[in-house]
Amino acid sequence: MASVTENNLFGRGYTLGLTGYTSASEQYLEASFVNPRVFDTYWGFSLNPYGIEEEWTYFDKRSVGVRATLFHPIGEYTRASIGYRFERYNLYNMSNDASRIIREYKGKHWSSTVTGSIVRDTTNKAYFATSGTKVSLSMEYGGPWTFGDDSFFKPILEAGFYYGLNDTNILHVRGRVGGVFKTDGDKMVPVFERFWIGGMNSIRGYDHDDISPRDTLTNETIGSDRMGYVNLEYIWVVKPEIGLALVPFYDVGFNTDSDQHSEMTEKVFASTGLEVRWRSPMGDLRFAYGYPLSKFSNGEKPSSGRFEFSMGQPF
């Protein structure tokens, strides 16, 4: 991955950036422009054109689109935003035995969605906070009213709490819950708008496919329409001067399809492990080893843990 950013374009406080990455299964390129004070008001504006090429298990997806967002502070700790996403995507190289959820969106389509969010952050520091909370509520809608091909409504609530025993020993609890609902009769929610949890930012020790609901006919993973999880962490900052911390954790959550399971507790997954966080000169690095404590969604028992790596700030 690579990125370049100018944080004070033309000396007016604008931010202009370009970010891209490539991997075995995904290529991504995004430009960004942010004006934090439109016409010297407290309204801010961001524009993000992007292109993505993804290789899924049963199909490939190519997308080109743009996101536009208006945001405004509410008091000292809260910010609200409203946005719009317009995208042209193509699902191709589709397997003949793909699930109906996938086949319904084969070919080229337009995505037109509106988003809204409100975020309240009272933490005392941006990194290794020792007090405060982070709470956010976001919603995204695509359907007949926005004149796109996609049909869904997706609300997500997230909350985190920090409690410092001292400056280098911190307890952190974070929870996230969400659902995705049909908005256009019996038209399916696109499989890529469903929830694919598992990994560094949700339930560590599992891959997305390990805990995804499966099509009852084909047994392939299709993502979930209801999910929730909790992360419990003990953050021990062993080297404050270089931003190095050891983070033992316990993650637990559910990930289910409402058409198959009426009770959320029928599919509960848990894991435990250790993460290393380092504010390196190259950026924020995370290394985690998680061991799954529950069976996978296909009924198999895990034989070993999972090592994961990512760049960027933790949740």
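## Aromatic rings and their neighbours

Tyr-14 is buried in this predicted model, since its relative accessible area is 16% and the cut-off for buried is under 20%. Overall, the count comes to 13 aromatic pairs. Tyr-14 is in one of them, with Phe-33 as its partner: the ring centres sit 5.4 Å apart and the planes meet at 65 degrees, an edge-to-face arrangement. This pair ties together distant parts of the chain, with Tyr-14 coming from strand 2 (residues 14–22) and Phe-33 from strand 3 (residues 26–35), 19 residues apart. As for exposure, Phe-33 has a relative accessible area of 24%, so this ring counts as partly exposed.

Now over to the tryptophans. Trp-56 and Trp-196 have ring centres 5.6 Å apart and planes at 80 degrees, so they too make an edge-to-face pair. Here the link is between loops: Trp-56 lies between strand 4 (44–55) and strand 5 (60–74), while Trp-196 lies between strand 10 (169–179) and strand 11 (226–239), and 140 residues separate the two. Trp-56 is partly exposed because its relative accessibility is 22%. There's a third ring to add to the picture, as Phe-59 joins Trp-56 and Trp-196 in one aromatic cluster.

Charged side chains also turn up over ring faces, including these:

| Charged residue | Ring below | Distance from ring centre |
|---|---|---|
| Arg-79 | Phe-71 | 4.6 Å |
| Lys-154 | Phe-195 | 5.6 Å |

So what does Arg-79 lie over? The face of Phe-71. Lys-154, in turn, lies over the face of Phe-195.

How values were computed:
Residues are numbered from 1 along each chain as its sequence is written. This is a predicted model: local features need pLDDT of at least 70, side-chain atom pairs count only at pLDDT 80 or more; totals for chains, interfaces and linings use all residues. Side-chain values use heavy atoms; hydrogens and water are left out. Rings of Phe, Tyr and Trp (its six-membered ring) pair if their centres lie within 6.5 Å; planes under 30 degrees apart count as stacked, over 60 as edge-to-face and the rest as tilted. Helices (H or I, at least four residues) and strands (E, at least two) are DSSP runs, numbered from the N terminus. Buried means under 20% relative accessible area, exposed over 50%, partly exposed in between (1.4 Å probe, protein chains only). A charge sits over a ring if NZ of Lys or CZ of Arg is within 6 Å of the ring centre and within 35 degrees of the ring normal.
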